[in-house]
Amino acid sequence: MRRQGPLIITFITGAVIILQYFIPHRPFSDLQQLFNSWFLVIAVFALILGIGNLSKIHIGRVVRRREHWPYSIVLIVGFVIMFSAGVIWGIQRGTPFYYIFWNIHIPMGSTMFALLAFFVASASYRAFRARTPEATVLLVSAIIVMLSRVPLGNFIWKDLPLVGDWIMAYPNMAGQRAIWMGIALGVVSTSLRIILGIERTYLSGR
Amino acid sequence: MTTDIGTWIAALLTLCIFSFLYRDNPFYKFAEHLFVGISAAYWVCYYIYNILIPNLYNPLFIQGQLLFIIPLILGVMMLMRLFPQPAWMSRFPLAFIVGTYAGYNFITYLQTYAIDQVRATMVRVVDVSAWQEFFAHPGVVSFFNAIAIPVVVVGVITGLIYFFFSREHKGVFGGLARTGVWFLMIAFGASFGYTVMARISLLIGRLYFLLHDWLQLI
Amino acid sequence: MSIVERFETIDRRIIFFLIFLAVIVPLLFPIGLKIEVSEPVRMFYNTIEELEAGSFVLISAEYDPSTMPEVYPMNEALVKHCFAKDLKIVSIGLWPQGVSLNQTAMEQAAGQYGKEYGADFINLGYKAGGIVVISAMGEDIPTTFPQDYALRPIEQYGIMEGIENFDNIDLIVSLSAGDPGVREWVMIAQGRYRKDVIGGVTAVSAPAFYPFLDAGQLKGLIGGMKGAAEYETLLGQIGTASAGMDAQSVAHGMIIFFIIFANFFYFLGKRRKR
């Protein structure tokens with residue numbers, strides 16, 4: 001039951017979603033709508049599970065006084081303050097929740113990813129070498145695209161943006177299409193294996 | 001320089017994160033943990049206000065749609081994963097999520113990436129008007145326009161051949177696969193160029209904030 | 001240590017400092033390089049231009065603060081474009097942070113164009129599930145989104161009168177920084193319901209959407225801050241994206257210099273070893 005039950009659920013839900021695409025009438029269309037409305041709710045619990053895990057780890061770290069535990073207190077306090085603000089005053093513009101979002105959450109989130117600009121520059125310097133003909137093609141393509149996409153490229157040579165557009169619209173597009181067609185065939189076969197119960201790794205673990 | 005307290009908080013936290021560039025330090029760690037805590041609470045509030053109340057509580061407890069007891073039970077079963085003994089119960093809601101996604105992915109990837117993309121590649125193998133234009137007005141631009149569609153067809157087919165691993169990449173087949181690799185390299189190069197562009201944009205965004213909103217120098 | 005080895009093992013903080021300078025100097029002292037508009041952005045702009053006043057545009061915000069410098073300028077420009085053309089905006093978010101950011105962009109532009117929440121624009125909020133949410137909306141929008149983002153029932157708003165499903169939406173715009181995002185909208189809204197979809201995406205993901213443009217599955221595409229600057233140029237508005245373009249140019253030049261410089265010493269070192 002612990003293994004067969006989930007396999008049956010996977011088969012039924014997957015089969016209904018596929019069937020309603022080819023037969024968009026009752027009962028399949030009704031079932032699809034019903035499953036969609038349930039999915040919205042269950043997906044949230046999956047995300048809450050993630051938050052639950054996070055809390056468990058950090059509360060545990062504080063209780064056991066593990067390394068860097070004071071930072072876990074910062075995390076918990078941040079969570080409690082933001083959560084209380086949302087529950088007490090709501091989440092609209094003009095509320096404390098929104099104030100924290102705009103003045104604390106946004107700057108930190110943006111800056112965290114802005115750091116990557118420095119690391120991508122460092123990586124370009126250290127690792128981007130024309131070691132083989134293929135690597136040279138990659139390097140040349142990257143340099144042309146980088147230059148042609150910014151006003152500097154246009155300033156250096158007025159037709160450089162056209163060259164960039166051509167690379168993006170044809171050779172790049174062909175390469176991307178081949179990659180995504182390959183991915184699609186992989187996704188389709190894996191989906192079918194999951195629905196038919198051949199692929200069961202998602203049921204492993206506890 | 002601004003006198004707005006919110007902007008000052010934002011600026012100081014921005015500098016805390018930037019301090020990581022020198023080396024990992026307590027200011028960065030403080031900001032990092034604060035960010036995770038606040039993010040998690042933001043998500044939870046949105047789950048409550050935007051999903052749990054309108055899509056579960058109201059239909060089930062206000063409108064009396066009893067069928068919604070099923071996703072509630074499945075949702076609670078999902079949370080059982082947090083505890084060792086009843087963790088197996090989470091397999092049932094997980095199966096529902098995986099099954100639904102598998103169903104959607106099966107159809108949508110087949111339609112969007114296989115059928116529609118093959119059609120778009122094959123429907124205009126030869127662009128007659130581009131060649132007519134090239135012969136009427138020979139030049140670099142008209143030449144590249146004329147070869148554009150053949151380039152796409154060759155790129156897609158040879159790229160797919162490269163991904164075909166059931167046959168050894170030797171002889172003519174190997175040559176075609178190597179051609180495919182070149183197209184893939186152009187695509188990866190373009191992606192790298194765009195990645196650099198994206199990361200620099202994010203840095204511009206933050207420095208613009210510091211110079212414009214905080215220091216008011218620009 | 002030879003000069004080649006010295007350059008190959010340079011302290012990365014020197015590179016960091018040079019990139020910092022490459023961005024900050026042009027921000028402080030702008031050069032004013034001309035911004036060229038690319039075809040995908042022109043297509044994006046034209047698709048909105050072709051809509052008649054009163055048409056319904058569904059804006060879906062799938063981004064967060066981590067990509068805000070790229071996507072938020074598009075969001076601001078898009079909302080202003082829609083309001084200037086008297087289009088009605090129904091918005092949602094498949095990422096929770098996108099809801100707040102889009103709401104800010106809409107409220108700020110609404111003040112400028114005299115638009116009213118609930119009559120000219122509405123924010124239906126966030127739902128988890130990506131592709132499933134889009135599929136559910138295709139069948140029934142009010143059931144999927146019975147309340148707006150701040151828990152107010154949608155029946156009280158005039159803009160939602162007659163909105164049942166995608167049949168009542170004229171154009172879908174996804175502002176996306178990843179999945180779920182443009183890909184899912186194309187897969188369901190365009191693939192299944194044959195709705196017109198346009199997208200504003202981060203530069204990282206933009207190259208992967210060119211096959212959609214070529215196949216006609218996307219009617220227009222804005223990629224990254226540069227794309228946003230092009231869109232601002234078409235609208236005749238100088239926003240934050242345009243202001244950053246000089247810095248973007250100089251930083252790209254600096255990184256290309258790094259690549260060429262490092263390769264020069266790489267080949268020099270290789271020759272010496274031989």
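In this predicted model, the C-alpha centres of domain 1 of chain A and domain 2 of chain A lie 31 Å apart. The domain assignment places domain 1 of chain A at residues 1-66 and domain 2 of chain A at residues 129-206. Seven residues from domain 1 of chain A and four residues from domain 2 of chain A make up the contact between them. For chain B, the assignment gives domain 1 (1-64) and domain 2 (125-213). Their C-alpha centres are separated by 39 Å, and the contact takes four residues from domain 1 of chain B and four residues from domain 2 of chain B.

The contact between chains A and B draws 102 residues from chain A and 96 residues from chain B. On the chain B side, α1 (5-18), α2, α3, α4, α6 (140-162) and α7 each supply at least two residues. Helix α7(B) accounts for the largest share of that side, with 23 residues.

Helix α3 of chain B spans residues 69-79, and its buried residues are B:Pro71, B:Leu74, B:Gly75, B:Met77 and B:Met78. Seen down the axis of α3(B), these residues fall within an arc of 160°, so they line one face of the helix. They pack against α2 (28-63) of chain A, and also against α2 (26-62) and α4 (91-122) of chain B.

The largest nonpolar core contains 217 residues. Helix α7 of chain B (residues 171-214) gives the most to this core, contributing 21 residues. In soluble globular proteins, nonpolar side chains tend to be buried together. Among the residues with the most contacts inside the core are A:Ile42, A:Val44, C:Val23 and C:Phe209. Leaving aside neighbours within four places in sequence, C:Phe209 is in contact with C:Val182, C:Gly199, C:Val201, C:Leu218 and C:Leu221.

Two of these partners, C:Gly199 and C:Val201, are buried on one side of strand β5(C), together with C:Val197. The other side of β5(C) holds C:Ile198 and C:Gly200, which are buried as well. Strand β5 of chain C covers residues 197-201, and five of its five residues are buried.

Strand β4 of chain C, at residues 171-176, pairs with β5(C). Six of the six residues of β4(C) are buried, so this strand is largely enclosed by the rest of the structure. On one side of β4(C) lie C:Leu171, C:Val173 and C:Leu175, and on the other C:Ile172, C:Ser174 and C:Ser176. The following table lists strand pairings in chain C.

| Strand pair | Sense | Bridges |
|---|---|---|
| β1(C) (56-62) and β4(C) | parallel | six |
| β4(C) (171-176) and β5(C) | parallel | five |
| β5(C) and β6(C) (221-223) | parallel | three |

Individual residues show how these strands are aligned. C:Leu175 of β4(C) is the bridge partner of C:Ala61, and C:Leu175 also stands opposite C:Gly200 in β5(C). C:Ser174 has C:Gly199 of β5(C) as its bridge partner, while C:Gly199 is in turn bridged to C:Leu221 in β6(C). Both C:Gly199 and C:Leu221 are also in contact with C:Phe209.

Strands β4(C) and β5(C) are further related through helix α8 of chain C (residues 182-190), with which they make a right-handed β-α-β unit.

How values were computed:
Residues numbered from 1 in each chain as written. Chains lettered and ligands numbered in written order. Predicted model: local features only at pLDDT ≥ 70, side-chain atom pairs only at ≥ 80, totals over all residues. Buried ≥ 20, exposed ≤ 12 C-beta atoms within 10 Å, placed from the backbone. Helix = DSSP H or I, 4+ residues; strand = E, 2+ residues; numbered from the N terminus. Pairing = 2+ DSSP bridges. Right-handed = clockwise from strand over helix to strand, strands pointing away. Core = buried A, V, L, I, M, F, W, Y, C linked by C-beta atoms within 7 Å. Contact = placed C-beta atoms within 7 Å. Arc of directions from axis to C-beta. Domains from an automatic or database assignment.
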